[in-house]
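Q: Please take me through this structure as someone who has not met it before. I would like a close look at one part of it, with enough of the surroundings to place that part.

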Amino acid sequence: MPGVEGFMYPNEIELQWSVLIVLYPFLTGLVAGAFILASLERVFRVQAVKPTYRLALLTALSFLLVAPLPLQLHLGHPERSLEMYLTPHRTSAMAMFGFVYLWYLMAVLVVEIWLDYRRDIVLLSESTTGWKRWIYRLMTLGSHNLSERALAIDERVGWLITLIGIPSAFLLHGYVGFIFGSVKANPWWSTPLMPVVFIFSAMVSGIAAVMLLYMLMTWARGKSIDMPCVDTIARYLFYTFIIDFSLEMLDLIHRIYEADESFRSLDFMVHTKLYMSHIVVQIMLGTVMPIALLALTQVLKLTEMARKRIYVLAGCLTMIGIFAMRWNVVIGGQLFSKSFLGYTTYKMGLVTREGLVMAIVLTVLPLVILWVLVKLLPPWADRASGALPDATPAH
Amino acid sequence: MSITRRHLLLLLPAAAVAWKHVLAGTPEASPNYTMSQHWWGMLIDLTKCIGCGNCVRACQTENDVPDGYFRTWVERYHVSDYDIENPHVDSPDGGKKGFPPTKEASGKNFFVPKLCNHCAESPCTQVCPVGATFVSPDGVVLVDKKYCLGCRYCVQACPYGCRFINPKTETAEKCTLCYHRITKGLTTACCESCPTGARQLADLKNPHDPIHEFLKTHSVQILKPYMATHAKVFYNGLDGSVR
């Protein structure tokens with residue numbers, strides 16, 4: 001049979017989870033990572049990253065809004081997906097997704113963004129005209145009180161929400177890792193480290209994404225990049241990446257040393273079908289390279305321009321590496337037979353429901369949403385961007 | 001053309017016969033069947049299997065299984081004398097049309113029919129997000145097609161590769177142990193069509209079922225026991241090389 005080597009159980013030849021399921025952990029990872037970066041400023045009082053606080057929240061929201069779409073498109077019967085809310089099966093790791101998602105969206109992100117922007121929204125609803133005015137009026141939810149006491153309550157509740165948001169972000173992405181890590185039939189997925197690796201890789205991708213977006217948007221706005229801010233983000237990215245890489249290496253070394261019955265099959269797969277995406281792209285290009293680049297900025301005294309270039313390069317490589325990691329988990333876990341006697345091939349469609357074009361659309365869509373959100377709720381502290389004076393959150 | 005009384009008298013019996021055929025496709029009710037009195041499984045005696053593929057064909061016909069997908073299939077193992085860990089396995093079109101002659105003269109060859117193991121602790125039912133797949137009170141793992149989302153998590157969770165997504169219904173599908181037959185006192189299509197009696201339906205709750213005597217007197221094994229799925233398809237003569 002074309003694309004099959006050795007023996008596959010006959011029903012295994014066709015891959016069940018496509019590139020859209022690769023996107024799902026990739027998008028939710030960006031959400032969790034961006035939120036955790038935002039929490040650095042809000043909860044842990046890392047003042048240096050303040051310029052990215054609001055952008056990180058809006059980035060998280062944009063990606064979170066798109067996160068369920070690849071799942072919906074993948075379902076054989078998307079019209080029945082509401083059943084997950086109405087009759088969830090309690091023993092299923094997947095059944096809780098809807099609740100975790102809704103909790104994170106409605107109880108954490110939307111509330112936090114609204115509280116943080118409430119003052120701006122009220123002021124904008126008074127200063128703008130036309131349809132914008134109506135949108136801002138609607139967004140005030142009838143709450144126009146800008147007294148000091150009201151703003152202090154916003155601040156206190158916002159802080160509390162962020163505090164709840166940190167474990168929620170861990171829950172959101174750790175849970176996605178658990179969906180894979182709990183499949184005992186699949187040795188490539190089945191490891192208790194999976195949720196932990198997912199959380200740290202999420203933080204890595206989210207931090208890198210916000211750093212890149214901040215640098216790109218600041219450049220596009222013709223403003224100067226706040227270097228202490230970017231330096232701090234890069235430092236956190238470096239530390240988180242080292243933890244993430246260590247965990248992945250721990251998993252790898254454990255597998256190699258234990259060498260259980262699945263090892264020979266998985267080892268063969270990594271050296272053949274997954275060699276490019278796993279060894280070359282994920283580990284070398286997407287992990288070792290950015291860590292080395294970021295390490296350079298930590299030990300050498302480089303010029304501002306050199307640091308900027310390194311950050312952009314390291315950030316881009318990080319995004320590629322994390323996407324490759326999701327790819328290798330989701331697609332890699334389906335390329336070998338559960339008999340450990342054969343391998344199949346993933347053939348991605350082009351213009352199909354789960355094809356390449358759809359994957360690109362779903363990757364670009366959050367950026368479009370982010371563009372709209374940034375226009376509507378400017379995250380910048382300066383006047384020229386359209387934001388109001390003193391529109392930063394009251395701390 | 002107007003229909004006369006004579007035409008009507010001729011047409012009515014024909015219509016009645018046609019209607020009977022229409023109804024034949026509808027599952028009959030099983031008023032005398034009590035789920036709690038049964039606990040279904042299957043016994044597969046590998047020493048009797050000749051790899052004819054009758055069971056695969058019968059299953060596909062009985063259950064309208066789409067081409068390229070299998071509720072049951074037959075694997076042929078070739079194990080060399082010295083390398084039990086690396087058997088050569090083939091299953092051309094699920095063994096539906098039998099097998100070509102083996103090329104290897106040395107070592108041993110044998111056939112292994114596979115199907116859903118109707119696990120009592122089934123990982124596939126555990127992961128279904130809406131409970132569309134479930135273990136029935138009589139021990140058969142079933143899928144509610146009208147409820148399945150088609151998320152494919154159960155396909156991933158099955159250690160034995162027994163599930164697939166039906167391209168027509170876009171829902172999960174697998175062996176039902178011919179539930180529409182066994183609840184009427186019949187055996188499964190695969191067991192009925194097996195010329196050597198290698199496959200036998202077993203009711204583990206029925207004290208008179210020959211399975212009990214067989215289990216007492218033979219060394220039987222289940223597939224992948226380390227998965228702790230409490231599989232209920234028992235194999236007699238299962239070689240250690242079988243995955």
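A: In chain A, residues 24 or more positions apart account for 79% of the contacts with a separation of 6 or more. The model is a predicted one, and chain A is a useful place to begin before turning to the part that will get the close look, a sheet in chain B. Chain A has 14 helices and two strands, and along its principal axes its C-alpha trace spans about 70 × 55 × 35 Å. For 395 residues, a compact globule would be expected to have a radius of gyration near 21 Å, and the 22 Å of chain A agrees with that expectation. Buried residues make up 46% of the 395 residues in this chain.

Several details in chain A help to fill in this picture. Helix α7 of chain A, residues 148–181, has 34 residues, which at 1.5 Å a residue should span 50 Å, and the 48 Å between its end C-alpha atoms agrees with this. That helix, α7(A), nevertheless bends by about 30 degrees at Gly165(A), with a proline, Pro167(A), following within four residues. Further along the chain, Ala324(A) is found in helix α12 of chain A, residues 304–330, and this residue is buried, since 23 other C-beta atoms lie within 10 Å. Leaving aside residues up to four places away in sequence, Ala324(A) touches Ser277(A), Val281(A), Gln282(A) and Gly286(A). Arg119(A), by contrast, is 205 residues from Ala324(A) in sequence and 41 Å from it in space, C-alpha to C-alpha.

Between the two chains there is a contact that takes 35 residues from chain B and 30 residues from chain A. On the side of chain B that touches chain A, β3 (88–90), α3 (123–127), α4 (153–157) and β7 (164–166) of chain B each supply at least two residues, and α4(B) gives the most, with four residues. By type, the residues on this side of chain B divide into 22 nonpolar, eight polar and five charged.

The close look belongs to an open sheet of four strands in chain B, whose order is β9-β1-β11-β10 and whose pairing is mixed. Strands β9 and β10 (220–221) of chain B stand at the edges with a single partner strand each, so one side of each is left without a neighbour in the sheet. It is easiest to walk across the sheet from one edge to the other.

At the β9 edge, strand β1 of chain B (residues 40–45) and β9(B) pair in the antiparallel sense over five bridges, and within β9(B) the bridge partner of Ile44(B) is Arg199(B). Although β9(B) stands at an edge of the sheet, four of the five residues of this strand (residues 199–203) are buried, so β9(B) is largely enclosed by the rest of the structure.

On the other side of β1(B) comes strand β11 of chain B (residues 233–236), and here the two strands run parallel, joined by four bridges. Ile44(B), already met as the partner of Arg199(B) in β9(B), has Tyr235(B) as its bridge partner in β11(B), while Asp45(B) has Asn236(B) as its bridge partner in that strand.

The last step leads to β10(B), which pairs with β11(B) in the antiparallel sense over two bridges. Val220(B) stands opposite Asn236(B) of β11(B), and Asn236(B) is also the bridge partner of Asp45(B).

Outside the sheet, one residue in each chain deserves a note for its backbone. Cys178(B) has a positive phi of about 45 degrees although it is not a glycine, and its place is in the loop between β8 (171–173) and α5 (179–182) of chain B. In chain A, the phi of Ala259(A) is near 45 degrees, again a positive value in a residue other than glycine, and Ala259(A) lies in the loop between α9 (227–258) and α10 (263–271) of that chain. Their surroundings can be set side by side: Cys178(B) counts as buried because it has 23 C-beta neighbours inside 10 Å, whereas Ala259(A) counts as exposed because it has 11 such neighbours.

Key:
Residues are numbered from 1 along each chain as its sequence is written. Chains are lettered from A and ligands numbered from 1 in the order in which they are written. This is a predicted model: local features need pLDDT of at least 70, side-chain atom pairs count only at pLDDT 80 or more; totals for chains, interfaces and linings use all residues. Two residues are in contact if their C-beta atoms, placed from the backbone, lie within 7 Å. Ala, Val, Leu, Ile, Met, Phe, Trp, Tyr, Cys and Pro count as nonpolar, Asp, Glu, Lys and Arg as charged, and the others, Gly among them, as polar. The expected span of a helix is 1.5 Å times one less than its number of residues. The bend at a residue is the angle between axes fitted to the seven residues ending there and the seven starting there. A residue is buried if 20 or more other C-beta atoms lie within 10 Å of its own, exposed if 12 or fewer, and partly exposed in between; C-beta atoms are placed from the backbone. Two strands pair if DSSP finds at least two bridges between them. The radius of gyration is taken over C-alpha atoms; the globule rule is 2.2 Å times the number of residues to the power 0.38.
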